[in-house]
Amino acid sequence: NSSPIASEEEARVYDTEGEELYSRSCLACHGNDLTGVAGPDISSIGSKLSAEEIESIIIDGLGAMPSGTLPEDEARVVAEWLSEMK
């Protein structure tokens, strides 16, 4: 018997590939609403950094964020999505 929460998450349809990748690799630290949990608030990161800068941070890490949290192709997709957060 699966829990209702698990089945709701499995049924979740994401608007973009970037959002789906974020939910798998970034959500635990940056939160479901991007406002931060164990990591910083990135809800308006696109007004501070370009997609290229965000991609670099995802690949290379920064501060407590480890490098290599996503492969480069997925990092690019997430960075493009996050760059729209203003």
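How many aromatic pairs does a search of the whole structure find? The search finds one, and this pair offers a convenient way into the model, which is a predicted one. Before turning to its details, it helps to have the overall layout in mind. The secondary structure of the chain comes to five helices and zero strands, so that, read from the N terminus, the elements follow one another as α-α-α-α-α. The chain has 86 residues, of which 31% count as buried.

The aromatic pair is formed by Y22 and W81, whose rings lie 5.4 Å apart from centre to centre, with an angle of 50° between the planes, an arrangement classed as tilted. Y22 belongs to helix α2 and W81 to helix α5, so the contact ties together parts of the chain that are 59 residues apart in sequence. Both partners are buried, although their values are not identical: Y22 has a relative accessible area of 3%, and W81 has one of 14%.

From this pair the reader can move to the largest nonpolar core, which has 15 residues, and in which L34, I58, V78 and L82 touch the most other members. Helices α2, α4 and α5 each supply at least two residues of this core, and α5 gives the most, with five residues. Two of the residues just named deserve a closer look. I58 is located in helix α4, where its relative accessibility of 5% places it among the buried residues, the limit for that class being under 20%. Its C-alpha atom is separated by 8.5 Å from that of E72, a residue 14 positions away along the chain.

L34, by contrast with a helical residue, is found in the loop between α3 and α4. It counts as buried, at 7% relative accessibility, and its backbone carries a further feature, since its phi is near 70°, a positive value in a residue other than glycine. As a general matter, most residues other than glycine have a negative phi. The loop between α3 and α4 also holds G31, which counts as buried with a relative accessibility of 3%. G31 and D41 are ten residues apart in sequence, and their C-alpha atoms are 8.2 Å apart in space.

Which residues lie nearest the centre of the largest pocket? They are H30, P40, I42, I57 and M65, and they belong to a lining of 21 residues. The pocket has a volume of about 450 Å³. Its lining draws at least two residues from each of α2, α3 (27-30) and α4, with the largest share, three residues, coming from α4. In character the lining divides into 16 nonpolar residues, four polar residues and one charged residue.

The charged side chains provide the last part of the picture. Side chains of opposite charge can pair when their charged atoms come close. In this model the count comes to two salt bridges, and they can be considered in turn.

In one of them, the side chains of R24 and E20 meet with an N to O distance of 3.3 Å. These two residues are four apart in helix α2 (residues 17-25), and therefore are separated by about one helical turn. R24 is exposed, with a relative accessible area of 59%, because the limit for that class is over 50%, whereas E20 is partly exposed, with a relative accessible area of 32%.

In the other, R76 and E55 form a salt bridge between their side chains, again with an N to O distance given as 3.3 Å. This pair links distant parts of the chain, with R76 in helix α5 (residues 72-82) and E55 in helix α4 (residues 51-60), 21 residues apart. R76 counts as partly exposed at 40% relative accessibility, while E55, with a relative accessible area of 14%, is buried.

Taken together, these contacts can be followed from helix to helix in the model. Helix α5 holds W81 of the aromatic pair, supplies five residues to the largest nonpolar core, and carries R76 of a salt bridge to E55 in helix α4. Helix α2, for its part, contributes Y22 to the aromatic pair and holds both R24 and E20.

Terms used: Residues numbered from 1 in each chain as written. Predicted model: local features only at pLDDT ≥ 70, side-chain atom pairs only at ≥ 80, totals over all residues. Heavy atoms only, no water. Salt bridge = Lys/Arg side-chain N within 4 Å of Asp/Glu carboxyl O. Buried < 20%, exposed > 50% of the residue type's maximum accessible area, 1.4 Å probe, protein only. Phe/Tyr/Trp six-rings, centres within 6.5 Å; stacked < 30°, edge-to-face > 60°. 1 Å grid on protein atoms, 1.4 Å probe; cavity = no way out; pocket = protein on both sides within 12 Å on 5 of 7 lines; lining within 4 Å. Points joined across faces, edges and corners; volume = space filled by probe spheres on them. Nonpolar A, V, L, I, M, F, W, Y, C, P; charged D, E, K, R; others polar. Core = buried A, V, L, I, M, F, W, Y, C linked by side-chain atoms within 4.5 Å.
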